[in-house]
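This report looks at the empty spaces and the aromatic ring pairs of a single model. Please keep the sequence and the coordinates to hand while reading.

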Amino acid sequence: LVTGNHDEGTSGTADRRTTLLDHYYPKAPGLAERVLAETEHPGDIENAYYRVALPRVTLGVLALGWAPTKPTVEWASRVLDRYRHDRVIIATHAYLYFDGTRYDAAAKGTTQEWNPRAYGTNHPAFDTPDDTGSYDGEMLWQALVRRHPGVFAVLSGHVLANGTGVLASRGDHKNLVQQVLVNYQMLREGGLGYLRLLEILPDGKSLRMKSYSPSLGVFATGEDQIGDLAIDPPLW
């Protein structure tokens with residue numbers, strides 16, 4: 001689970017950093033509890049790291065809550081250093097824009113709508129962040145994602161328009177990082193039940209994406225809803 005702007009502040013307006021996640025989920029639910037390795041704060045899974053031991057590799061999932069702050073990013077970096085041999089997927093709410101570029105308030109300002117640094121949870125907006133300032137996609141890339149060799153994917157949502165985007169970038173250690181935006185909220189009924197399914201293929205070199213709605217019982221077949229992404233270096 002990762003929080004979004006509608007989980008924060010007064011009636012979900014993200015005017016301040018308050019969320020009821022720790023009230024309704026005082027611990028990771030179900031299977032997630034058994035693979036939970038670390039949290040930034042005891043009893044709070046808003047920022048958490050999960051480890052799944054597979055036969056040939058340990059898969060790490062780093063969950064970062066809405067618009068992470070400097071202390072959270074520094075905590076996350078320490079965690080990835082500690083588990084440097086894991087292959088890691090990062091999940092956070094706002095990172096990639098619908099044009100396939102990262103959110104970047106410093107370079108693009110208000111030309112990118114819904115930047116996490118434009119909300120009340122960021123103090124001060126669009127200035128150099130202090131410990132309470134929000135990190136947008138480019139800031140997360142520079143401060144965290146690009147620096148850790150195990151990272152191979154970043155997943156995010158939040159953005160409207162067509163709600164999809166993909167960007168492939170090389171990290172400092174030449175690892176390929178697939179950055180994926182998925183958001184279905186613009187569809188009827190809040191998304192028609194669609195989910196993005198990710199499958200690691202047996203060769204360990206490919207991440208297959210599908211979009212499926214269990215309520216409709218159908219797969220979406222648009223070019224931006226399906227496809228294979230390379231994993232380099234391979235997972236095994």
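## Cavity, pockets and ring pairs

The structure holds 1 cavity of 30 Å³ or more, where a cavity is a set of points, on a 1 Å grid over the protein atoms alone, at which a 1.4 Å probe fits but cannot get out. The model is predicted, with local features needing pLDDT of at least 70 and side-chain atom pairs counting only at pLDDT 80 or more, while totals for chains, interfaces and linings use all residues. Residues are numbered from 1 along each chain as its sequence is written, and side-chain values use heavy atoms, with hydrogens and water left out.

The largest cavity encloses about 40 Å³ of space, a volume being the space filled by probe spheres set on the grid points, which are joined across faces, edges and corners. Its lining (residues with an atom within 4 Å of a point) consists of Leu80, Tyr83, Arg84, Asp86, Val88, His148, Pro149, Gly150 and Val151.

One of these lining residues, His148, is found in the loop between α5 and β5; helices (H or I, at least four residues) and strands (E, at least two) are DSSP runs numbered from the N terminus. His148 counts as buried because its relative accessibility is 4%, buried meaning under 20% relative accessible area, exposed over 50% and partly exposed in between, with a 1.4 Å probe and protein chains only. Leaving aside residues up to four places away in sequence, His148 touches Ser77, Leu80, Asp81, His173 and Asn175, contact meaning heavy atoms within 4.5 Å.

The structure also has pockets, a pocket being an open set of points with protein on both sides within 12 Å along at least five of seven lines. The largest pocket has a volume of about 850 Å³ and is lined by 33 residues, of which Val2, His93, Ser156, Gly157 and Val182 lie nearest its centre. Two or more lining residues come from each of β3 (58–63), β5 (151–156), β7 (176–182) and β8 (195–200), and β8 provides the largest share, 4 residues.

The second largest pocket holds about 240 Å³ of space, and among its 15 lining residues Arg17, Glu40, Glu46, Asn47 and Thr72 are the closest to its centre. At least two lining residues are supplied by each of β1 (36–41), β2 and α3, with β2 giving the most, 3 residues.

The table sets out the linings by class; Ala, Val, Leu, Ile, Met, Phe, Trp, Tyr, Cys and Pro count as nonpolar, Asp, Glu, Lys and Arg as charged, and the others, Gly among them, as polar.

| Space | Nonpolar | Polar | Charged |
|---|---|---|---|
| Largest cavity | 5 residues | 2 residues | 2 residues |
| Largest pocket | 19 residues | 12 residues | 2 residues |
| Second largest pocket | 3 residues | 7 residues | 5 residues |

Turning to the rings, a search of the whole structure finds 7 aromatic pairs, in which rings of Phe, Tyr and Trp (its six-membered ring) have centres within 6.5 Å, planes under 30 degrees apart counting as stacked, over 60 as edge-to-face and the rest as tilted. Tyr49 and Tyr83 form a stacked pair, 5.3 Å centre to centre with 20° between the planes. This pair links distant parts of the chain, 34 residues apart, with Tyr49 in strand β2 (residues 44–53) and Tyr83 in the loop between α3 (70–82) and β4 (87–91). Both Tyr49 and Tyr83 are buried, and Tyr83 is also one of the residues lining the largest cavity.
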